[in-house]
Amino acid sequence: MKKIIKIVIPSVLMLLLIILWRDGKDILNGLYVAFPIMYIILGIVCSDLKKELLISLILLSITFLIPINLWFHMGSCIDLVIIYNALSVISYLIKSKIKK
């Protein structure tokens, strides 16, 4: 149950932030500041690469792409998702090196 919560909470938090920032220009702050920090924290918090991090990244990417494309009509943000996923994996790898 604890792993499921750890996997689902970041995507729920991102959806909540996207909904809250839907009206103004705050979504740009989310795109370039808050969401990368969220991905980095996700990489640090996850303890297993295959079981937790990859599933969380998939859910978080879907939660990011669908509302951004539907509500803001920004086109494809796939390049941002790839960069954010790379940040998350790099932060996980750095954490695992420091932990050893």
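Is T63 buried or exposed? Buried: its relative accessible area is 15%, and the cut-off for buried is under 20%. Keep in mind that this is a predicted model.

Let me place that residue. T63 sits in helix α3. Helix α3 covers residues 49–71, which makes 23 residues. Does the length add up? At 1.5 Å a residue, the expected span is 33 Å. The end C-alpha atoms are 31 Å apart, so the two values agree.

Now the ends of the helix. At the N-terminal end, D48 acts as the cap. A side-chain oxygen of D48 lies 3.3 Å from the backbone nitrogen of K51. On the other side, α3 is followed by H73. The phi of H73 is positive, near 50 degrees.

Next, the buried face. Which residues of α3 are buried? They are E52, L53, S56, L57, L60, S61, T63, F64, P67 and I68. Look at the spacing in that list. An α-helix has 3.6 residues a turn, so residues three or four places apart point the same way. What do the buried residues of α3 pack against? Three helices: α1 (2–20), α2 (26–45) and α4 (78–99).

Two polar residues from that list deserve a closer look.

Back to T63. A polar atom of its side chain lies 2.7 Å from the backbone oxygen of L59. Beyond residues up to four places away in sequence, T63 touches S11, M14, L15 and I18.

Then E52, also in helix α3. E52 has a relative accessible area of 2%, so it counts as buried. What does its side chain find there? A polar atom of the E52 side chain lies 3.2 Å from the backbone nitrogen of S47. Leaving aside neighbours within four places in sequence, E52 is in contact with K3, K6, I7, C46 and S47.

That brings up C46, one of the E52 contacts. C46 is at 0% relative accessibility, so it is buried. C77 is buried too, at 4%. How many disulfides does the model have? The count comes to zero. A disulfide is a covalent bond between the sulfur atoms of two cysteines. Here, the rule asks for sulfur atoms within 2.5 Å.

To recap. Helix α3 has a span that agrees with its 23 residues. D48 caps its N-terminal end. Its buried residues pack against α1, α2 and α4. Among those buried residues are T63 and E52. The T63 side chain has the backbone oxygen of L59 at 2.7 Å. The E52 side chain has the backbone nitrogen of S47 at 3.2 Å.

Key:
Residues are numbered from 1 along each chain as its sequence is written. This is a predicted model: local features need pLDDT of at least 70, side-chain atom pairs count only at pLDDT 80 or more; totals for chains, interfaces and linings use all residues. Side-chain values use heavy atoms; hydrogens and water are left out. Helices (H or I, at least four residues) and strands (E, at least two) are DSSP runs, numbered from the N terminus. The expected span of a helix is 1.5 Å times one less than its number of residues. Buried means under 20% relative accessible area, exposed over 50%, partly exposed in between (1.4 Å probe, protein chains only). Contact means heavy atoms within 4.5 Å. A polar contact is a pair of N or O atoms within 3.5 Å; within protein, one must be able to donate a hydrogen and the other to accept it, and residues adjacent in sequence count only if both atoms are side-chain atoms.
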